[in-house]
4 protein chains.
Amino acid sequence: MRAAETAPAPTAQRVREAALELFAERGYHGTGIRQLAERAGLSSASLYHHMGSKEELLGALMRESLERLLAEAQAVAAGEPDPGERLCALVRMHVRSHGERPLETRVVDGEVAALTGPVRAEVVALRDRYEALWHATIDAGLDAGQFHVTSPALARRALLEMCSGVARWFDPAGPTALPDLAEQYVDLARALLGATATAGRRVDGDTPRPV
Amino acid sequence: MRAAETAPAPTAQRVREAALELFAERGYHGTGIRQLAERAGLSSASLYHHMGSKEELLGALMRESLERLLAEAQAVAAGEPDPGERLCALVRMHVRSHGERPLETRVVDGEVAALTGPVRAEVVALRDRYEALWHATIDAGLDAGQFHVTSPALARRALLEMCSGVARWFDPAGPTALPDLAEQYVDLARALLGATATAGRRVDGDTPRPV
Amino acid sequence: MRAAETAPAPTAQRVREAALELFAERGYHGTGIRQLAERAGLSSASLYHHMGSKEELLGALMRESLERLLAEAQAVAAGEPDPGERLCALVRMHVRSHGERPLETRVVDGEVAALTGPVRAEVVALRDRYEALWHATIDAGLDAGQFHVTSPALARRALLEMCSGVARWFDPAGPTALPDLAEQYVDLARALLGATATAGRRVDGDTPRPV
Amino acid sequence: MRAAETAPAPTAQRVREAALELFAERGYHGTGIRQLAERAGLSSASLYHHMGSKEELLGALMRESLERLLAEAQAVAAGEPDPGERLCALVRMHVRSHGERPLETRVVDGEVAALTGPVRAEVVALRDRYEALWHATIDAGLDAGQFHVTSPALARRALLEMCSGVARWFDPAGPTALPDLAEQYVDLARALLGATATAGRRVDGDTPRPV
DNA sequence: CATGAATGAGACTTCATTCAT
DNA sequence: TATGAATGAAGTCTCATTCAT
């Protein structure tokens, strides 16, 4: 256990990290195999002992990122029966996840077009399942009268775009800690959805306004 | 006159359009000179009569897009002395512009990293000037007591991310027309900023809530 | 007459001059059609109204240079029955010619390999005829007992190499005027060939030494 | 041992040799990467495992040739305190070197213009240092009263041009062996410089003549 | 596992040349 | 004559990938 924590990252892991960094920095097509090898501390030939092909590597990174995100979302959603609270939990998790792993977000959001064949379909399917969770939650909140928006379709999209943006600018060394930021985003999301105050959050008499 | 409308676009223009489409679809590094030539209906050698290099072409596209966006923003801002109204006008213009020219947005937002040297600096400077206009407007609204947010920095970022997202999904053939969508975004923006009701917009007694 | 002297060089002539300069500076293969056009003040398409092809242009330049050189040599040789004097006259003419037109020399000496087909053969034949004149003169001087060298073949070659070198470094703005330089080369040539003193040139009793 | 003599040259060496041959035959700009690859027995892509770029390859060839020539000249010069003898040794070495490696000479003399940037400056500097050695030796001979020329500057230039010419025509299969040729050049050089007879070389009473 | 060497395919770009205007 | 536009061929170089060692 303790050994594992301090042991040098196994080579395969170093390759993944190098790929994640470079694909995020320069894009998939803008990253060469040799740059990848150099960043991973290997020769370009050795790289192929740890991966199938450049595209398979990208596919694996994207699939794993989305699978983890989806799993976290499902875990969070499972623990919150109330739609309003569930959405807050999703926002909180999403912002934390995107703030902690901005590289993954940039790759997942920006390199879908670089994928071809069945892997691309898989990745798109995962992304759709993740978004479906948000949609279902928002719809449940609307049905329950907790949210008040003029256009649910728009609110869904605007909300996710807004929350994902954090990956593009959040700086862990900046003035706001990530958990605080997540709470601020929760508030923004509630405002966006015209959320009814929930226990302990809003003073009584607070009037929700449709947006 | 009508003939002019259907006349074939001048070659140079066809090259720009082809580049815009392909750079948006597949990214700068994912687009080859031959694809560009084919889409423009030229041989790859002929392409070079209408552009300097692939990178110069990208740079020109990005610079022009940003210059137009900035000019529109300045025109809009100049016409609205009231910060709240000015922000609404900016949001409206931004959403319309992004909905009408989603390709430009994708390229401008996604390919800055493909640029090198002084052109990159120019493009970044233009983008910063555009954002500074938003920041100044939001700050003015806060100073005037028209907006109520807990974190201005966050609101600025979240707001722009949200509004830019429209370029990624708006479908002109969809159920919502672009002007309507723009108005909905204006409402979302007001909600996000905790905007005080302005004349004719909100019923009396509406209580602004900080977000 | 006077008009012709001050009239702008006809375009065809400007093309020749541009080609001569560039082929001398950068070599035939190192010179592009567009550079040629720019130097001549034309578009690259217009160039083809004044020349056949790039290679024909090179061939014409080389042929004309060698034809002029050969004609001058023949004129000079025809006027000097004495082999010793004839060789001096050849050296004098060669040095002056090479000092006055260094570009032609560089092209003629350096770009034979760029020529193909019958033009190349022509050029080589002209060069051989020119050298044959020198050879015949040297042989005549040896037969007449005017020159004393251990290896005629070597002397012939060394002499020409030495005399041609002037094209590579002579500076008309330098301290030595070309006619003076030519006389110095005549002296060098005489020394190289172990030439017997001729009237007015060497004091009586001067002993020729074989080299 | 003997096996080593006939073993195939290492690939990198084959590339250098191919480049030397082709650059000498057709010039740097007249030689294509594919020709280079074919002559070296490689694919054009493989070439780049053994060189940086075509120009770097040229630069390396030129630098090494000049460095070797300079080193040989310095070794030769160091062993001869007498200026007259030193010059003879330089001529002897120069002629042998140029006769043995005519390709290098052609490239070094003909392709300086193809070089750009700092490598060009380096190569020119090496060439200047080599020539400075000759100049110093000639000046020392003049100061010591061993040489008698009317124009030292001219003699220096004419001498080097003459000696370098050997690379352009010497045929190892011809009637004169290289060491003999070198001695003949030594004699020519002495004649050119009006060298005083030195021990064992000239009969007493030999009168030096200025040239 | 690791890598130097190799390579077919393709990258971007320029070549010399032609032709309609 | 002059030239902008066009192009097939070729330029130099890098691509992702394989394989013998």
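## Burial and fold of chain A

Of the 211 residues in chain A of this predicted model, 46% are buried, where buried means under 20% relative accessible area with a 1.4 Å probe and protein chains only. Chain A has 11 helices and zero strands, helices being DSSP runs of H or I with at least four residues and strands runs of E with at least two, numbered from the N terminus. Among the contacts in chain A with a separation of 6 or more, 68% join residues 24 or more positions apart, contact meaning heavy atoms within 4.5 Å.

## Relation of chains A and B

Chain B is superposed on chain A by a rotation of 180° with 0.0 Å of shift along its axis, at an RMSD of 0.1 Å, the fit being by least squares on the C-alpha atoms of residues with pLDDT of at least 70 in both copies. The two copies are thus related as by a two-fold rotation axis, and in chain B the C-alpha nearest that axis belongs to M162(B), 2.3 Å away. Because 100% of the interface residues of chain B are also interface residues in chain A, the copies meet through the same surface.

## Basis of the values

Residues are numbered from 1 along each chain as its sequence is written, while chains are lettered from A and ligands numbered from 1 in the order in which they are written. Local features need pLDDT of at least 70 and side-chain atom pairs count only at pLDDT 80 or more, whereas totals for chains, interfaces and linings use all residues, and side-chain values use heavy atoms, with hydrogens and water left out.

Note on methods
Buried < 20%, exposed > 50% of the residue type's maximum accessible area, 1.4 Å probe, protein only.
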